[in-house]
Amino acid sequence: MTRPEVGIGIDSPRAALKAFARQPLDDARCFSLTLDRVEHELGTMRELADAWAVGDLERMRALPETSAQYRACSDALAGSAIAREHGVGDLRARTRAAWLAAVERALMRNKVTVALLPIGDLLEPRGMAATLRERRCTVEDPESRIRLAASDPQD
């Protein structure tokens, strides 16, 4: 099992936390989208959870995009001066690169490789599954495995 990690070196965590607490965050969009999501998207979240529970990817893809709120909040944190100063500003890109590098190493070493990701990252048009497909990897979703098993009685 491989768990790609990205480190963040902070010499004085206490001082960094104090500096972070003193800095204003540009988080108005995050706050607004969070309130909007709680107020208007509970039904969508319930539908998404129900679809996820039974592996209904088609239904999950048909539901409205839900990552804008997460992205706005993580961007607010990553965009702060203290985050940029300590190398957190590009954390999403570094994490993505580390994950892809680990997948490529696993594909070279192993006959079969299984990778786990949050479902949203698999369904995003520019998410990890799309990136792997662009790199000519075969990515099987649960729907394709079910179709394969149903068409091959020996499986």
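1. A good place to start is Arg126, which is exposed at 56% relative accessibility. Here buried means under 20% relative accessible area, exposed means over 50%, and partly exposed lies in between (1.4 Å probe, protein chains only). The side chain of Arg126 meets that of Glu134 in a salt bridge, with N to O at 2.7 Å. A salt bridge is counted when a side-chain nitrogen of Lys or Arg is within 4 Å of a carboxyl oxygen of Asp or Glu.

2. Before going further, a word on what you are looking at. This is a predicted model, in which local features need pLDDT of at least 70 and side-chain atom pairs count only at pLDDT 80 or more, while totals for chains, interfaces and linings use all residues. Residues are numbered from 1 along each chain as its sequence is written, and side-chain values use heavy atoms, with hydrogens and water left out.

3. Now the overall picture. The chain holds 10 helices and 0 strands, and its pattern along the sequence reads α-α-α-α-α-α-α-α-α-α. Helices (H or I, at least four residues) and strands (E, at least two) are DSSP runs, numbered from the N terminus. Of the 155 residues, 24% count as buried. The accessible surface comes to about 11600 Å², and carbon and sulfur atoms account for 56% of that surface; such areas come from the Shrake-Rupley method with a 1.4 Å probe, and for residues only the protein chains shown count as cover.

4. How much of the contact network joins residues at least 24 apart in sequence? Among contacts between residues at least 6 apart, the share is 64%. Contact means heavy atoms within 4.5 Å.

5. Helix α7 deserves a careful look. Its 19 residues, 91–109, should span 27 Å at 1.5 Å a residue, and the end C-alpha atoms are indeed 27 Å apart, so expectation and model agree. The expected span is 1.5 Å times one less than the number of residues in the helix. Ala98, Trp99, Leu100, Ala102, Val103 and Ala106 are buried in α7, and the cover over the buried residues of this helix includes α9 (128–134).

6. Two other residues of α7 add to that picture. Thr95 lies in this helix and is partly exposed at 40% relative accessibility. The C-alpha atoms of Thr95 and Glu5 are separated by 7.1 Å, although the two residues are 90 apart along the chain. Further along α7, Glu104 forms a salt bridge with Arg135, the closest N and O atoms being 2.4 Å apart. Because Glu104 lies in helix α7 and Arg135 in the loop between α9 and α10 (142–151), this pair ties together parts that are 31 residues apart in sequence. Glu104 is partly exposed at 37%, and Arg135 is partly exposed at 42%.

7. Which cysteines are joined by a disulfide? Cys30 and Cys73 are, with S to S at 1.9 Å; the rule asks for a pair of cysteine sulfur atoms within 2.5 Å, and it gives a count of 1 disulfide. The torsion about the S-S bond of Cys30 and Cys73 is about 85 degrees, so this disulfide is right-handed. Since Cys30 lies in helix α2 (residues 28–40) and Cys73 in helix α5 (residues 67–78), the pair ties together parts that are 43 residues apart in sequence. Cys30 is buried at 14% relative accessible area, and Cys73 is buried at 18%. Cys137, at 23%, counts as partly exposed.

8. Helix α5 also contains Gln69, which is buried at 16% relative accessibility. Leaving aside neighbours within four places in sequence, Gln69 is in contact with Leu33, Thr34 and Arg37. Arg37 is itself buried at 18%, and its side chain meets that of Glu41 in a salt bridge (3.7 Å, N to O). Glu41 is partly exposed, with a relative accessible area of 22%.

9. Side chains of opposite charge can pair when their charged atoms come close. The count in this model comes to 6 salt bridges.

10. Last, a surface feature. Val112, Val114 and Leu116 make a nonpolar surface patch of about 380 Å². Patches are made of residues with over 30% relative accessible area and no salt bridge, like charges being joined within 9 Å and nonpolar side chains (Val, Leu, Ile, Met, Phe, Trp, Tyr) within 5 Å. Leu116 is in the loop between α7 and α8 (119–123) and counts as exposed at 75% relative accessibility.
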